[in-house]
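Me: Please introduce this structure to a newcomer through a series of questions and answers.

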Amino acid sequence: MQKIINKAIDLMDFCLDGCDSDGWFIKNHDSEWVFIDWANIDENEKCGRVAFEQIVLLQALKSMSKLCELTGKKSQAEKYKNIFNRQYDKLFDEFWIDDDNCFTFAKYNGGYSKANTIYAEIFAL
C-alpha cells in the first residue's frame with residue numbers, strides 16, 4: 001500500500017479538481033468522456049450533475065480515507081472523510097426522488113432528468 005498511496009492521492013486530488021464550487025464532480029469540457037456515458041439517454045441529459053458520477057466519487061473518497069488511515073496519512077484521511085460526509089447528505093437532497101423511490105439520472109439547467117437508470121442505485125449499494 002505504501003508504494004501506491006502517493007499516486008492514489010494524486011489521482012483523488014485530480015478528480016476533486018474536477019468538482020464545481022458545490023463539491024459536485026462534473027465534466028468540464030465537451031471533449032471529456034466519462035465512462036458512465038454508456039446509458040441509453042439523450043445526450044442533453046448527460047450534462048450537468050450526474051448522480052452516478054457523484055456516487056462513484058463518494059465511494060472513492062470513502063476508500064481513500066481508509067487507505068490513507070492505513071498508511072499513516074492522517075491529514076489526507078481526514079480531508080477525504082470530511083468531503084465524503086459533506087457530500088453524502090447533499091447527494092440525497094439533490095438527486096433522490098421520493099415519489100419514485102430512486103435517484104434521478106442527472107440534474108441540469110435547474111431541473112431533473114426524466115431518465116432513470118439502474119446505475120446510481122447499483123453503485124450506491
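The exchange below begins with the model as a whole and then turns to its parts.

Me: What kind of model is this, and what is its average pLDDT?
Reply: This is a predicted model, in which local features need pLDDT of at least 70, side-chain atom pairs count only at pLDDT 80 or more, and totals for chains, interfaces and linings use all residues. Residues are numbered from 1 along each chain as its sequence is written, and side-chain values use heavy atoms, with hydrogens and water left out. The pLDDT is the predictor's confidence in each residue, from 0 to 100. A score of at least 70 is reached by 75% of the residues, and the chain average is 82.

Me: Which element of the chain has the lowest mean pLDDT?
Reply: Helix α1 (residues 5-17) has the highest mean, 94. Where pLDDT is low, predicted coordinates should not be read in detail. The lowest mean, 67, belongs to helix α4 (residues 119-124).

Me: In what pattern do the helices and strands follow one another?
Reply: Helices (H or I, at least four residues) and strands (E, at least two) are DSSP runs, numbered from the N terminus. The chain holds four helices and five strands. Read along the sequence, the pattern is α-β-α-α-β-β-β-β-α.

Me: What is the strand order of the open sheet?
Reply: Two strands pair if DSSP finds at least two bridges between them. The sheet has three strands with antiparallel pairing; its edge strands, β1 (49-50) and β5 (111-112), each pair on one side only. Strand β4 (residues 106-108) pairs with β5 over two bridges, with Lys107 opposite Tyr112. The order is β1-β4-β5.

Me: What share of the 125 residues is buried?
Reply: Buried means under 20% relative accessible area, exposed over 50%, and partly exposed in between (1.4 Å probe, protein chains only). By this definition, the buried share of the 125 residues is 41%.

Me: Why do the buried residues of α1 lie on the same side, and what arc do they cover?
Reply: The buried residues of α1 are Ile5, Ala8, Ile9, Met12 and Leu16. An α-helix has 3.6 residues a turn, so residues three or four places apart point the same way. The arc is taken from the directions from the helix axis to the C-beta atoms. The buried residues are on the same side of α1 because they cover an arc of only 100 degrees.

Me: Which exposed residues does the other face of α1 carry?
Reply: The buried residues of α1 have a cover that includes α2 and α3. The face turned away from that buried side carries the exposed residues Lys7, Asp10, Leu11, Phe14 and Asp17.

Me: Is Glu94 buried or exposed?
Reply: Glu94 lies in helix α3 (residues 74-95). Leaving aside neighbours within four places in sequence, Glu94 is in contact (heavy atoms within 4.5 Å) with Trp24, Arg49, Lys107 and Tyr112. Because its relative accessibility is 13%, Glu94 counts as buried.

Me: How far apart in space are Glu94 and Ala51?
Reply: In sequence, Glu94 and Ala51 are 43 residues apart. In space, their C-alpha to C-alpha distance is 8.7 Å.

Me: Which residues does Thr71 touch?
Reply: Thr71 is in the loop between α2 (51-70) and α3. Thr71 is buried, with a relative accessible area of 10%. Not counting residues up to four places away in sequence, Thr71 touches Met1, Gln2 and Ile5.
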